[in-house]
Amino acid sequence: VALALLGAPFAVGALLGNYWVRVMDMAALYVILALGLNVVVGMAGLLDLGYVAFYAVGAYTMALLSSPQLNLHYSFWALLPLAGVLAAIAGVALGYPVLRLRSDYLAMVTLAFGEIVRIFLNNLDAPINITNGPMGISGISPPYLLGYSLKRNYEIFGVEVTYTAIFWYLIIVLALATSFLLSRLRDSRIGWAWGAIREDELAARTSGIDVRRLKLYAFGTGAFFAGFAGCIFAAFQGFVSPESFTLFESIAVLCMVVLGGIGSLPGVAVGAVVLTVLPESLRGLNDLQQALLGHQYVNGTDLRMVIYSVVLLLVIIYRPQGLLGSEQRRRELTAARGGS
Amino acid sequence: VIEQQFVNGVVLGCIYAMLALGFSMVFGILRLINFAHGEVFMIGAMVSITVLNLLLAKVGPSVSLVVAGTLLLTTMIVAAVSCGVLGMALERIAYRPLRKAPVLAPLISAIAASIFLQNVAMLIWGRQYIAFPAILPTGGIQIGDAAISWSGILIVVCAPLLMAALNQFMKRTMIGKSMRATSEDLEVAAYMGIDTDRVIVAAFFVGSVLAGVAGTLVSLYIGATNYFIGFWAIMKAFAAAVLGGVGNLTGAVLGGLLLGLIESFAIGFLPDLTGGIMGTQYKDIFAFIVLVVFLIFRPSGLLGEQASERA
């Protein structure tokens, strides 16, 4: 596996072109995001639909503190944990007042919150220009390692190493670290307590679990990884704008979690990869239409969210435990509506 | 300024009330957040523009007021019926298979359906705002210091008429009575021989018809529409319903009107209060603030939630 991961960017780059290495980078990034959302949705059983807001916090942390926008140039390595912590603080700040709500009301509030954050990102260019509004922030510094920029193509022993391949290693290491940490968390006391809350909140409370505090932990942990992923995203793209943080992104990540199997770590990772690669392959649809129908009717990339929504609908109705979810999950997700 | 904000608030409030009614009818019966309700409204607006453009292409652009009224009425009926059918289809496809599932599953399917409709609308009508054909004369009437456009007047006249009709429907007709019984207690209603499936479908149809009419009226009033208007529409309908008491139809009307007024006054005074820093671009945050404050401090709303023991 390790060898496959090491060789992957070169194999893909040689066979399919550099564009697909970029898709792989994004897939790995979505794995981190989806794993983070899985803490909230899968482990603690809270539907957070404004997840993209925390991703945005992380991305704008990097963008503001390491670009010409405010003329600050802090190092990526320092900002990576900072982005996570700031996002976690935002998560706890949102969670504190709203976590006592009924689960469906909580979902609605978080959904609205995600769009509110975008309103602010779009409009904080006046009277003082902070976010540069809809134009976004460009010129974000790349990460440096031992003085070498990671966002450059190098030639090592005659082999061309593109920056997308370098980022692949960076992101995959962070994704592996994330999944390791989260699997430890899942099997810890906190993880068990989350499971208890998810299955029966009243029983959990009666067993002496501080439900409110544990829900806040879940929100904070999920947000932390979103911020973390956001920071990498900003460094990778070199540019952020509110366009990247729409409601659709939140739903896309939710779809990855649900498709793979709510609560299952490998499932969620698979869901993220499948749903990143699938829409990209639709680009080929454009040429196909041209060839068959003589005219391009729909742009393949515009179908991304259509596909996500259909997948989400089908999975939730016909296979609520997702691709790799357990039998226990299936029962949890289909049991007749109980006390709450 | 105050008079103007009041008039704007009432117009806005009538719209929110119509949306909140449809939302609350479904919630009252199924305890389900029908998130796609906003998209039904959006489709109503889009269909209106398309239909009206087609009609205008037939009769020519300059029409008398009588013809314009007829066209507008036709458009409204087409939009209302297509939305009603869409509502029933949504119930069938996205909600019925999950009626017994835990509460988050139908919410996820509702959101999936809504994202689907948004993106299909985007593919059909594009990303940009599309304009509503100018069919009513410009101008309007002046009440004291406040001006109100003809389309605004239409809203203020239509909305109460429809609500009165809905009220009669709920009180007088058999299906309306069954609907009220079902929202009291679905199981008991079923034991009493009420075909609850039919009642649920009827609730989706009636609610979606209201959303469709609201779609025509809003796009006429604002003058343009795009595929994303459903999102804030459902958020505001939800906020209005929570404000009045979820599932409570009188509460939905009251909540809608209040939310419209709150929003209108907040937008009116925000630039002055913040020294011009925050303007109308922040208009949507007030519904959110109202929503969160009410959910935390008075989750049953002003008039109380129907069947609140299940909340």
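Two strands pair if DSSP finds at least two bridges between them. The legends below all refer to a predicted model.

**The hairpin of β2(B) and β3(B).** Strands β2 (residues 140–143) and β3 (residues 146–149) of chain B run antiparallel and are joined by four bridges. That count satisfies the requirement of at least two bridges, so the strands pair. Within this hairpin, Ile141(B) has Ile148(B) in β3(B) as its bridge partner. Two residues lie between the strands, and Gly144(B) takes a positive phi near 60 degrees.

**Arg31(B), a residue with positive phi.** Although Arg31(B) is not a glycine, its phi is positive, at about 55 degrees. Arg31(B) belongs to the loop that runs between α1 (2–30) and α2 (37–59) of chain B. With a relative accessible area of 8%, Arg31(B) is buried, because the cut-off for that class is under 20%.

**Asn132(A), a residue other than glycine with positive phi.** Here phi is near 65 degrees for Asn132(A). The residue sits in chain A, in the loop between α5 and β3 (137–138). Asn132(A) has a relative accessible area of 23% and is partly exposed.

**The salt bridge of Arg102(A) and Asp104(A).** The side chains of these two residues meet at 2.6 Å, N to O. Arg102(A) is partly exposed, at 24% relative accessibility, whereas Asp104(A) is buried, with a relative accessible area of 2%. Over all chains, a search of the whole structure finds 14 salt bridges.

**The salt bridge of Asp197(B) and Arg99(B).** The N to O distance between the two side chains is 2.6 Å. Asp197(B) lies in helix α8 (residues 196–222) of chain B, and Arg99(B) in the loop between α3 (65–95) and α4 (104–125) of chain B, so parts that are 98 residues apart in sequence are tied together by the pair. Asp197(B) is partly exposed, with a relative accessible area of 32%. Arg99(B) is also partly exposed, at 24% relative accessibility.

**The salt bridge of Lys236(B) and Glu263(B).** The closest N and O atoms of this pair are 3.5 Å apart. Lys236(B) is in helix α9 (residues 229–244) of chain B and Glu263(B) is in helix α10 (residues 249–273) of chain B; the pair therefore ties together parts that are 27 residues apart in sequence. Lys236(B) and Glu263(B) are both buried.

**A salt-bridge network in chain B.** Glu91(B), Arg96(B), Arg99(B) and Asp197(B) are joined into one network by salt bridges that share partners. Arg99(B) and Asp197(B) also appear as a pair in an earlier view, with their side chains at 2.6 Å, N to O.

**The interface of chain A and chain B.** Chain A gives 47 residues to the contact and chain B gives 50 residues. The size of an interface is often given as the accessible area lost when the parts come together. Between chain A and chain B, about 4,300 Å² is buried, and carbon and sulfur atoms give 78% of this area. The number of salt bridges between the two chains is zero. Zero residue pairs are found in polar contact across the interface, with both residues required to be at pLDDT 80 or more.

**The side of chain A that touches chain B.** At least two residues each come from α4 (76–98), α5 (103–123), α10 (247–260), α13 (304–318) and α14 (327–334) of chain A. The largest share, 15 residues, is supplied by α5(A). By residue class, this side of chain A has 34 nonpolar, five polar and eight charged residues.

Conventions. Residues numbered from 1 in each chain as written. Chains lettered and ligands numbered in written order. Predicted model: local features only at pLDDT ≥ 70, side-chain atom pairs only at ≥ 80, totals over all residues. Heavy atoms only, no water. Salt bridge = Lys/Arg side-chain N within 4 Å of Asp/Glu carboxyl O. Buried < 20%, exposed > 50% of the residue type's maximum accessible area, 1.4 Å probe, protein only. Contact = heavy atoms within 4.5 Å. Buried area = accessible area lost by both parts, 1.4 Å probe. Polar contact = N/O pair within 3.5 Å; in protein donor to acceptor, adjacent residues only side chain to side chain. Nonpolar A, V, L, I, M, F, W, Y, C, P; charged D, E, K, R; others polar.
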